[in-house]
Amino acid sequence: MRYYSLSRQSDVVDFRAATVAGQAPDGGLYFPETIPQFPAGFVEQLPRLEAAEVAFTVLQPYVGSTIPEAELQRICAETVSFPFPVVQVTERINALELFHGPTLAFKDVGARFMSRCLGYFSRHETRPVTVLVATSGDTGGAVASGFLGVPGVEVVILYPSGRVSPVQEQQLTALGQNIKALEVSGNFDDCQRLVKQAFRDAELMARLRLTSANSINVARWLPQQVYYCYGVAQTLASTGQPPVVAVPSGNFGNLCAGLLANVSGLPVAHFIAACNANAAVPAYLASGQYAAQPAVPTLSNAMDVGDPSNFGRILELFRHEHPVIRELLTGYSVSDTETSATIRRVHTQTGYLLDPHGAVAFFALEDYLRQHPETTGLFLETAHPVKFPAAVEPATGQPVPVPTELQELMQRPKRNMLLEPEYEALRAYLLTTA
Ligand SMILES: *Cc1c(COP(=O)(O)O)cnc(C)c1O
């Protein structure tokens, strides 16, 4: 498989080069030259296949010969080594729970696959690689956990002071080993600005082998197809019909992976782009006109994105044909009031505890199903509610129980360094690691 840049000013590259670079030199996102079709009989066999086998079948055409088969099999097995249960919430709605990985959010799948691919590609390097990443919460934890203990890799994470939840902060600061956390006295935009500046600093880049764990990396994007296969197959087996799939969306990598799986042959009745107040894509779906918007803060803060980077991939997948996209995808913008009310109501009526991102998807899905009486729905529950207690606890009036896997981590000492939001401070710190 070869990948071209959506800005079309860079060379076509293989999976290895696309993964190592993250972004094309012209600033565009990499996109596969062809969309592979799943092998004949794959969908019918899905309910009986192991997750690792599903992952290998889906991902092998994208990786091609850049990773030997046995190695890719091992990487796939490690990527999906935790369960992806489908849980019935109401008569017509199931949850696909994606929070049973090490950092309790779906980003573990992409981060685990990417970290292992990068580890394989740099196995002969003698100088350590420094992975530099800015996070608003979930990305940093998933990347840290993905690279924890990987030889030859140092991870430096920048996070905004006071803006991540206690669980998220422990996941960034209490791992130790090769993971370093910098608490920036500023907001997420400051963190991102500092990281971008480091990548533009030619002298620093020459002294350190800096790489990014950017969410647009193909090695983070493509493996997300795997749990759609798994979840859709399980609902098909129990209901006999393809589900309507609702995806809580921010940067739209996750939804775009689901659409990709659908184009490759996975049967889905319809997709829902479930957004909070950040509604650039729902507005496009309604009008055919796209306009980036300034990001606004919400309860589902991992989706506070005003100009989603992966939207360009969705357009490309459907050759920019708005009527085709609209036929398959409906957008919703759900307010914080509706999100809280949904968490409270679903908890009271069913006992199921939603996180704010899953609640956005649940609300949208319920509305869509009301208008389409013959259908059943599946929504992606992208994070464990314990990661967002400030949104969940006021809605239910109860504390969220801490899962046993997390209790040990919560006890560990927090190790971080405070950083002023000044580039010189980051630069000086990075040079001490060289
Ligand atoms: C990152 C994140 C999202 C948004 O996913 P995208 O692929 O950026 O659309 C949704 N929910 C949670 C919990 C997240 O961490």
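**Close-up views of a predicted model**

**View 1. The six-stranded sheet.** An open sheet of six strands, with mixed pairing, follows the order β3-β4-β12-β9-β10-β11, where strands are DSSP runs (E, at least two residues) and helices likewise (H or I, at least four), numbered from the N terminus, and where two strands pair if DSSP finds at least two bridges between them. Because β3 (86-88) and β11 (329-333) stand at the edges with a single partner strand each, one side of each is left without a neighbour in the sheet. From one strand to the next the twist averages 25 degrees, angles being taken from 0 to 180 degrees between N-to-C directions of axes, which are lines fitted to C-alpha atoms, for helices over the stretch in contact. This is a predicted model, in which local features need pLDDT of at least 70 and side-chain atom pairs count only at pLDDT 80 or more, while totals for chains, interfaces and linings use all residues. Residues are numbered from 1 along each chain as its sequence is written, and side-chain values use heavy atoms, with hydrogens and water left out.

**View 2. Strands β10 and β11.** Strand β10 (residues 270-275) runs parallel to β11 and is joined to it by five bridges; within this pair, C275 stands opposite S333 of β11.

**View 3. The five-stranded sheet.** A second view shows an open sheet of five strands in the order β8-β5-β6-β7-β13, with parallel pairing. Here β8 (209-212) and β13 (417-419) are at the edges, each with a single partner strand, so one side of each is left without a neighbour in the sheet. Six bridges join the parallel strands β6 (residues 153-160) and β7 (residues 179-184), and L158 has L182 as its bridge partner in β7.

**View 4. Helices α6 and α7.** The axes of helix α6 (residues 138-147) and helix α7 (residues 166-173) come within 8 Å and cross at roughly 35 degrees. The contact (heavy atoms within 4.5 Å) is made by D138, G140, G141 and A144 of α6 together with Q168, Q171 and L172 of α7. Helix α6 also lies across β5 (129-134), β6 and β7, running at about 165 degrees to β6.

**View 5. Surroundings of the ligand.** Of the 15 residues around the ligand (those with a heavy atom within 4 Å of it), K107, D138, G250, N251 and F252 come nearest. A polar side-chain atom of K107 lies 2.5 Å from an oxygen atom of the ligand, whereas a polar side-chain atom of T382 is 2.9 Å from a nitrogen atom of the ligand.

Methods. A polar contact is a pair of N or O atoms within 3.5 Å; within protein, one must be able to donate a hydrogen and the other to accept it, and residues adjacent in sequence count only if both atoms are side-chain atoms.
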